[in-house]
Amino acid sequence: LGDQAMVDMDFTDRGSVAGLEENSLINVSNIFPNPTTGETSITYSLVNASKVSVKVMDITGKVIYTEKESNQTEGKHTLNINAAAFNSGVYYVTISTDEAQVTKKLIRK
């Protein structure tokens, strides 16, 4: 082929977008309002009682907010985050347990 480059592109749907995972042990049902200018609520459910930690990262991966790890029962939970101090932009909220992790997009207007 001379000096031409060959590129092999795979467009197979793998069920995730830019690292955003779905997990059967944690279900994030709602981030509202999203986009937000201030306080936002994250509603999620746990299949099992677990230690849970929450991080909010900017698009560079820098952690800008952390919710201390706490023991939580199985079932539905709501966490309120005040995003008023965040700069406008796209952020990623990651909810983690010992068994699973889910990341969702949060937009600050």
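Start with the whole protein chain coloured by secondary structure: it has 0 helices and 7 strands, giving the pattern β-β-β-β-β-β-β along the sequence. Helices here would be DSSP runs of H or I of at least four residues, strands are runs of E of at least two, and numbering starts at the N terminus. Before you click further, know that this is a predicted model, where local features need pLDDT of at least 70 and side-chain atom pairs pLDDT 80 or more, while totals for chains, interfaces and linings use all residues. Residues are numbered from 1 along each chain as its sequence is written, and side-chain values use heavy atoms, with hydrogens and water left out.

**Stop one: the sheet of three**

Select residues 26–32, 39–46 and 75–82, which are S1, S2 and S5. They form an open antiparallel sheet in the order S1-S2-S5. S1 and S5 are the edge strands, each pairing on one side only. The twist averages 20° from one strand to the next, taken between lines fitted to C-alpha atoms, with angles running from 0 to 180 degrees between N-to-C directions. Pairing, by the way, takes at least two DSSP bridges between two strands; S2 and S5 have 8, in the antiparallel sense.

Now zoom in on Thr 40, in strand S2. Is Thr 40 buried or exposed? Its relative accessibility is 0%, so Thr 40 counts as buried (buried is under 20% relative accessible area, exposed over 50%, partly exposed in between, with a 1.4 Å probe and protein chains only). Across in S5, Ile 81 stands opposite Thr 40. Draw a distance from the Thr 40 side chain to the backbone oxygen of Phe 32 and you should get 3.2 Å. For the surroundings, show residues in contact (heavy atoms within 4.5 Å): beyond four places in sequence, Thr 40 touches Ile 31, Phe 32, Pro 33, Leu 79, Asn 80, Ile 81 and Leu 106.

**Stop two: the sheet of four**

Next, pick S4, S3, S6 and S7, listed in the order they take in the second open sheet, again with antiparallel pairing. The edges are S4 (63–72) and S7 (101–108), each paired on one side only. Neighbouring strands are turned by 15° on average, direction ignored.

Walk across from S4. S3 (residues 50–58) pairs with S4 over 7 bridges, and Val 52 stands opposite Ser 70 in S4. On to S6 (residues 89–96): 6 bridges join S3 to S6, with Asp 58 partnered by Tyr 91. Then S6 and S7 pair over 8 bridges, where Val 90 has Ile 107 as its bridge partner. To see how the chain gets from S6 to S7, follow the hairpin through 4 residues.

**Stop three: two rings**

Stay on Tyr 91 and add Phe 86. A search of the whole structure finds 1 aromatic pair. The ring centres of Phe 86 and Tyr 91 are 5.2 Å apart and their planes sit at 45°, so the pair is tilted. The pairing cut-off for Phe, Tyr and Trp (its six-membered ring) is centres within 6.5 Å, with planes under 30 degrees stacked, over 60 edge-to-face and the rest tilted. Both residues are buried.

**Last stop: zoom out**

Switch to the surface. The protein chain exposes about 7,200 Å², of which carbon and sulfur atoms supply 48% (Shrake-Rupley method, 1.4 Å probe, only the protein chains shown counting as cover for residues). Of its 109 residues, 32% count as buried. Among contacts with a separation of 6 or more, 57% come from residues 24 or more positions apart.

Key. Polar contact = N/O pair within 3.5 Å; in protein donor to acceptor, adjacent residues only side chain to side chain.
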